[in-house]
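Visitor: Please give me a close account of how the strands are paired at one end of this chain, and then of the aromatic rings. I should like the criteria stated along the way.

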Amino acid sequence: NDGWELGGDWEHQFNNIHSFKLRTVLTKENENQKDSAFLNNTKSLYESSRETNDRTESERIIRLSFNSLVGKGGSLEYGFESAYNELERTFNLIYFDSNSKQTDSGIINTSGKVEEDRYEGFFSYNFPLAKEIRAELALNYEWSEISQTGDVSLAREFKYWKPRIDIKWDYETNRQLRLNIERNVGQINFDDFISSYDEFEERIRAGNPDLQPATSWEIRLEHEWRIPNDGGVITLKGFASEIDGPVERVPIGKFAGIGNLGTGKKSQARIDGSLRIDKILKGGVFRFMGYLQSSEVLDPVTNIKRDLAWQKRWEYMLNIRQDIPGGKYSWGIMYQGESQFNIYDPYLWGRFAQDTQLGLKFTAKINQNVNLKFMARNTLQNFGNGRKIIYNGFKSKNDILIQENFKVKGHVFYKIELEGTF
C-alpha cells in the first residue's frame, strides 16, 4: 500500500474589514490486497478461497472563502467549495476444492470506477441579538453528480439545501446556553458501490449503485458551566435527530449490501467535564465523559422496529492526568467502558460487548526542546465477547444455519516516542 497527501492554504487581509482565504487538498491512496482461506479435510490443508482487492482512491478539494465585518459586532462568511473524488476498484473471489479445482463466486458488479463532482456554496451571518446573546444564521447549497462505470454504468444528481441556526446565551459570566438546529447530509463510502466479501458474516456483500447519502434534521441543546477560579468546566448536552435513509445493510437481490433504510430516530444525553483537583493531587486534572442514547428504525427484512446497527446504548470515560510539580514529569491514566451493540443484516444478527479498557501515559521532559513519551494501551488484554446467528436465507424465515459465541482477545500496545522541537 502507498499514498500521498498535499495541502496548503493562503490568507490575505484586504483591510481591517475584509479578508480572503484559499485552501487546497490533494490526496491519493493505492491498495493491493490478497487474502487466502485454508481448510483441513483431515488428509491435508488446502486453499479453499482466494480474495483479491485492488483499489486506487483520490480526492481534490479547493475552498475559497471571504470574511467581512458588518455593523456593530457582526461578521459575514461566504464562499465556494469544489471537490472531486474518485475510486477505481476491482474485487475477485475464487473458490477451490481439495483437488484445487477452481470455481468462480458468480457475483456481479466487482469492477468499476466511481466518481463524484461536488460543488457547494455557503453563507453565514454571525451577529449579536443582545449584549449576552449571539446568533449565527447559515445556508449552504450542495450540488453533486455521482457516476459509476465498469460492470455498472449509472449517473445521478443530488441537490441539498443545508440551513443552520446557532444561538449562544451567556446568561451569567460563567454559564452559557447553546442551541443548534441544522440539516446534515451524510458521506457515502464509494467502496459500497462495488461488491466485496464480509469476513464477519462469511458472505459476499453486493455492491449497490443506488446508494444515497442519509440526510437528517438535528437539534442540540448544551449548557456549559465554567467553575470559578479556573476550576474546570462541566457541559451537559442533549441531542435529537430524525434521519431520512440511514445507511445500513439491506437486501440487494439474493445478496446483502449497504443501502438505505426508511426514516430513523436518534437521541442522546451526554455530560463532559474537566476539573482541577489540586487539593487532592497537586497539578492534577480529572476528566470525564458519559452518555446515554437511544435509536429506532424499521428493519427492512422483519418489518419490526429496532435500534440502529452498531449503536451503543451508553459509554463512559474517566481520566486523571498530573503535571508533577517541577515541570519535568507528567503521567496519566484512562479507564473507559461501553455497552454492547447489535449488528443487523438480512442474513445475520450479531451482538458484541467490548470489555473495559485501561491506558497509561508518562512523559519526561529531557530538556527545553526534547520530550520522552511512554504509552500503554489495552493493558487489560481482553477486548470483548460476541455472539452471531447466521441464517440460511433471509432471517425473516428463521432458518438458522450457524450459531456462534466468540471471544476477542487483544494485545497490550506499547509505544515509546522521542519528541523534539528545533
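Guide: Strand β2 and strand β3 (residues 45-70) run antiparallel and are joined by 23 bridges. This is a predicted model, in which local features need pLDDT of at least 70 and side-chain atom pairs count only at pLDDT 80 or more, whereas totals for chains, interfaces and linings use all residues. Residues are numbered from 1 along each chain as its sequence is written, and side-chain values use heavy atoms, with hydrogens and water left out. Strands are DSSP runs of E with at least two residues, numbered from the N terminus, and two of them pair if DSSP finds at least two bridges between them.

Within this pairing, L39 has Y46 in β3 as its bridge partner. The hairpin of β2 and β3 has 4 residues between the strands, and T42 there adopts a positive phi near 75°. On the other side of the account stands strand β1 (residues 2-13), which runs antiparallel to β2 (residues 18-40) and is connected to β2 by 12 bridges. D2 is placed opposite N30 in β2, and a hairpin of 4 residues leads from β1 to β2.

The aromatic residues come next. Rings of Phe, Tyr and Trp (its six-membered ring) pair if their centres lie within 6.5 Å; planes under 30 degrees apart count as stacked, over 60 as edge-to-face and the rest as tilted. A search of the whole structure yields 20 such pairs. One of them is tilted, because the rings of Y316 and Y335 have planes at 40°, with centres 6.3 Å apart. This pair links distant parts of the chain, as Y316 belongs to strand β19 (residues 314-323) and Y335, 19 residues away, to strand β20 (residues 329-338). Both residues are partly exposed (between buried, under 20% relative accessible area, and exposed, over 50%, with a 1.4 Å probe and protein chains only): Y316 at 26% and Y335 at 33%.

Y329 and F362 form a stacked pair, 5.9 Å centre to centre with 20° between the planes. Y329 lies in strand β20 and F362 in strand β23 (residues 357-365), so this pair ties together parts 33 residues apart in sequence. Y329 is partly exposed at 36%, and F362 is likewise partly exposed at 35%.

Elsewhere, W10, F14, F20, F66 and Y78 make up one aromatic cluster. A charge sits over a ring if NZ of Lys or CZ of Arg is within 6 Å of the ring centre and within 35 degrees of the ring normal. R63 lies over the face of F122, 4.0 Å from the ring centre, and R306 lies over the face of Y344, at 4.0 Å from the ring centre.
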